[in-house]
Amino acid sequence: MARAEHAAFDAGWLSLREPVDHRSRSASLIDTLVRRRPEPDSWRILDLGSGTGSNFRYIAPRIPAPQAWTLLDRDAALLEQAGSGTPPVRVHTIVGNLASEGIALVAGSHLVTASALLDLVSRRWLTRLITCCRTHDCAVLFSLTYDGEICWHASPGSRPAGSTPGEQTGGAPDPLDALVREAVNEHQRREKGLGPALGPGAGHATIELLHAAGYETRTAPSPWRLGPGGDAPLARRLVRGWQAAAAEMRPGEKQALWHWAERKFRLIEEGSFEVRVGHQDVLGLP
């Protein structure tokens with residue numbers, strides 16, 4: 001879940017998620033892109049909603065050719081942390097918004113890319129973007145689009161000493177998991193600055209619009225799989241965010257949602273959790 005026009009995310013959150021993003025996304029789609037779209041001189045790449053440059057840091061080393069990147073974000077402070085490329089990679093940052101500069105900068109690009117963005121934008125904006133990309137013969141690579149799946153699993157052999165058979169642990173489903181997932185997915189569809197957000201339907205909408213524009217598409221699942229150890233800080237941050245989003249959509253359940261979050265925090269502290277958050281990567285070749 002990246003940035004839309006009014007969906008602000010702090011640098012700490014982006015830093016926390018970057019290692020998980022990088023291990024989750026599909027390298028094979030980039031291999032296909034490079035094989036099918038070799039450029040004679042230098043790749044010109046536009047990255048939308050760049051934040052601190054995570055998408056650039058993942059893709060650039062995987063394209064064995066000179067590259068000129070344009071990183072676009074509304075937040076100048078985040079772009080300042082994006083860094084610069086090492087030759088033969090050049091990086092230019094632009095502070096701007098998706099609705100104007102985001103569309104205007106497509107012209108002249110070989111590749112338009114974004115990570116964790118499309119679930120936050122509207123179908124209308126996405127249609128404009130894909131139409132513009134097709135007009136200018138741009139390949140597109142959209143990664144880590146949230147698909148609505150939040151699934152908690154048992155962590156093997158993890159019933160803590162002293163717990164009772166009915167107590168929620170890594171081996172027992174929580175009765176509020178489904179309610180939280182449903183409420184979070186409703187929250188994802190709210191206005192984020194570009195009209196009603198696509199939310200969990202973004203991946204399907206992207207494929208549909210790419211096909212309609214005449215693109216050849218390839219897809220790959222890119223779920224987050226979080227478990228004990230190094231993923232605990234991100235898991236705690238997610239639980240708190242999901243609790244807040246669900247409480248906005250289900251204000252009558254605030255107390256129950258607080259208890260749900262406390263149960264999850266206990267599982268994370270015990271190291272008895274596994275959670276899968278669904279995402280999808282999509283490559284479009286004109």
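Here are some worked exercises on the packing and side-chain contacts of a predicted model.

Residues are numbered from 1 along each chain as its sequence is written, and side-chain values use heavy atoms, without hydrogens or water. Local features need pLDDT of at least 70 and side-chain atom pairs count only at pLDDT 80 or more, while totals for chains, interfaces and linings use all residues.

**Exercise 1. The nonpolar cores**

Find which residues have the most contacts inside the largest nonpolar core, and which elements give two or more residues to this core.

Solution.
- Start with the rule: a nonpolar core is a set of buried Ala, Val, Leu, Ile, Met, Phe, Trp, Tyr and Cys residues joined through side-chain atoms within 4.5 Å. Buried means under 20% relative accessible area, exposed means over 50%, and partly exposed lies in between (1.4 Å probe, protein chains only).
- The largest core has 33 residues, and Trp152, Trp224, Leu226, Trp242, Trp260, Phe273 and Val275 have the most contacts inside it.
- Next, assign elements: helices (H or I, at least four residues) and strands (E, at least two) are DSSP runs, numbered from the N terminus.
- Two or more residues each come from helix 1 (11-24), strand 5 (139-153), helix 7 (177-188), strand 7 (224-226), helix 9 (232-249), helix 10 (254-270) and strand 8 (274-285).
- Helix 9 gives the largest share, nine residues.
- Another core, of 30 residues, lies apart from this one and includes Val112, Ala114, Phe142 and Ile207.

**Exercise 2. Salt bridges across the sequence**

Work out how many salt bridges there are, then place the partners of Arg57, Asp137 and Lys264.

Solution.
- Side chains of opposite charge can pair when their charged atoms come close. Here the test is a side-chain nitrogen of Lys or Arg within 4 Å of a carboxyl oxygen of Asp or Glu.
- That rule yields 15 salt bridges.
- Take Arg57: the partner is Glu18, with the closest N and O atoms 2.8 Å apart. Arg57 belongs to helix 3 (residues 54-59) and Glu18 to helix 1, so the bridge joins parts 39 residues apart in sequence. Arg57 is partly exposed at 30% relative accessible area, whereas Glu18 is buried at 14%.
- Asp137 meets Arg37 at 3.8 Å, N to O. Asp137 sits in the loop between helix 6 (123-135) and strand 5, and Arg37 in the loop between helix 2 (27-36) and strand 1 (43-48), so this pair ties together parts 100 residues apart in sequence. Asp137 is partly exposed at 39%; Arg37 is buried at 15%.
- Lys264 pairs with Asp177 at 3.1 Å between the closest N and O atoms. Helix 10 holds Lys264 and helix 7 holds Asp177, so parts 87 residues apart in sequence are tied together. Lys264 is buried at 1%, and Asp177 is buried at 13%.
- Finally, shared partners join Arg36, Glu216 and Arg218 into one network.

**Exercise 3. Contacts of Trp152**

Classify the ring pair of Trp152 and Trp242, and find which charged end sits over the ring of Trp152.

Solution.
- Rings of Phe, Tyr and Trp (its six-membered ring) pair if their centres lie within 6.5 Å; planes under 30 degrees apart are stacked, over 60 edge-to-face, and the rest tilted.
- The structure has four aromatic pairs. For Trp152 and Trp242 the centres are 6.4 Å apart and the planes at 85 degrees, so the pair is edge-to-face.
- Trp152 lies in strand 5 and Trp242 in helix 9, so the contact ties together parts 90 residues apart in sequence. Both Trp152 and Trp242 are buried.
- Ring pairs link Trp152, Trp242 and Phe273 into a cluster.
- A charge sits over a ring if NZ of Lys or CZ of Arg is within 6 Å of the ring centre and within 35 degrees of the ring normal. The charged end of Lys264 sits over the ring of Trp152, 4.1 Å from its centre.
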